[in-house]
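Student: I am new to this structure and would like a close look at one part of it, the place where the helices meet. Could you take me through that part slowly, with the residues that form it?

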Amino acid sequence: MLSCHKATRLMSEGQERALSTGEKLLLALHTMMCKGCRNFERQLPVIRSLSRAYVAKSDDDTSDKPEDGPTR
């Protein structure tokens, strides 16, 4: 049986590369029995999208501080 740690790692790796048939089978069996990992699998595309948007925004705006200082 795949641990939750290994299952979530495979889910993340599956975003970057094609999983083998064995990995897909292990992951499918695990997610059938584990509600937490099913939720993570469902949320992973959103997390990935938000992370990419954050990085893109950080690249566009290198300063998080306002130029004129805080306003009250």
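Tutor: What follows goes from the chain as a whole to the packing of its helices, and then to the residues found where they meet. The model is a predicted one, and that should be kept in mind throughout.

The chain has three helices and zero strands, and from the N terminus on its elements run α-α-α. Of its 72 residues, 17% are buried. The accessible surface of the chain comes to about 6000 Å², and carbon and sulfur atoms account for 57% of that surface. Among the contacts in the chain with a separation of 6 or more, 54% join residues that are 24 or more positions apart.

We can now take the helices in pairs. Two packed helices are described by the angle between their axes and by the distance between those axes. For H1 and H3, the axes come within 10 Å and cross at roughly 45°, which means that H1 is oblique to H3. The crossing in which H1 passes H3 is right-handed. On the H1 side, this contact is made by Cys4, Ala7, Thr8, Met11, Ser12, Gln15 and Glu16, while H3 contributes Cys37, Phe40, Glu41, Leu44, Arg48 and Arg52.

H1 also packs against H2, here at an angle of about 125° and with the axes 10 Å apart, so H1 is oblique to H2 as well. The crossing of these two helices, H1 and H2, is left-handed. The residues of H1 that take part are Cys4, Ala7, Leu10 and Met11, and they meet Glu23, Leu27, His30 and Thr31 in H2.

The remaining pair is H2 and H3, whose axes are 5 Å apart and whose packing angle is about 115°. These two helices are therefore roughly perpendicular to each other, and H2 passes H3 in a left-handed crossing. From H2, the contact involves Leu27, His30, Thr31, Met32 and Met33, and from H3 it involves Lys35, Cys37, Arg38 and Glu41.

With the three pairs described, it helps to look at one residue from each helix, beginning with alanine 7, which lies in helix H1. Alanine 7 is buried because its relative accessible area is 0%, and the cut-off for buried is under 20%. Leaving aside residues up to four places away in sequence, alanine 7 touches Leu2, Leu27, His30 and Cys37. The last of these contacts spans a long stretch of the sequence: alanine 7 and cysteine 37 are 30 residues apart along the chain, and yet their C-alpha atoms are 7.3 Å apart in space.

Histidine 30 is the residue to consider in helix H2, which covers residues 21-33. With a relative accessibility of 3%, histidine 30 counts as buried. Its contacts, again without residues up to four places away in sequence, are with Met1, Leu2, Ser3, Cys4, Ala7 and Cys37.

Cysteine 37 belongs to helix H3, and at 3% relative accessibility cysteine 37, too, counts as buried. Beyond residues up to four places away in sequence, cysteine 37 touches Cys4, Ala7, Thr8, Met11, His30 and Thr31. Cysteine 37 can also be placed relative to serine 3, for the two are 34 residues apart in sequence and 9.9 Å apart in space, C-alpha to C-alpha. Taken together, the contact lists show that alanine 7 touches both His30 and Cys37, and that histidine 30 in turn touches Cys37.

One step further out is the largest nonpolar core, which has nine residues in all: Leu2, Ala7, Leu10, Met11, Leu19, Leu27, Cys34, Cys37 and Leu44. Helix H1, residues 4-16, and helix H3, residues 35-60, each supply at least two residues of this core, and the largest share, three residues, comes from H1. Ala7 and Cys37, described above, are both members of this core, and Leu27, a member as well, is among the residues that alanine 7 touches.

How values were computed. Residues numbered from 1 in each chain as written. Predicted model: local features only at pLDDT ≥ 70, side-chain atom pairs only at ≥ 80, totals over all residues. Heavy atoms only, no water. Core = buried A, V, L, I, M, F, W, Y, C linked by side-chain atoms within 4.5 Å. Buried < 20%, exposed > 50% of the residue type's maximum accessible area, 1.4 Å probe, protein only. Helix = DSSP H or I, 4+ residues; strand = E, 2+ residues; numbered from the N terminus. Contact = heavy atoms within 4.5 Å. Areas by Shrake-Rupley, 256 points an atom, 1.4 Å probe, with all protein chains shown as cover. Axes fitted to C-alpha atoms, helices over the stretch in contact; angles between N-to-C directions. Parallel < 35°, antiparallel > 145°, perpendicular 65-115°, else oblique. Left-handed = near helix turned anticlockwise from the far one by under 90°.
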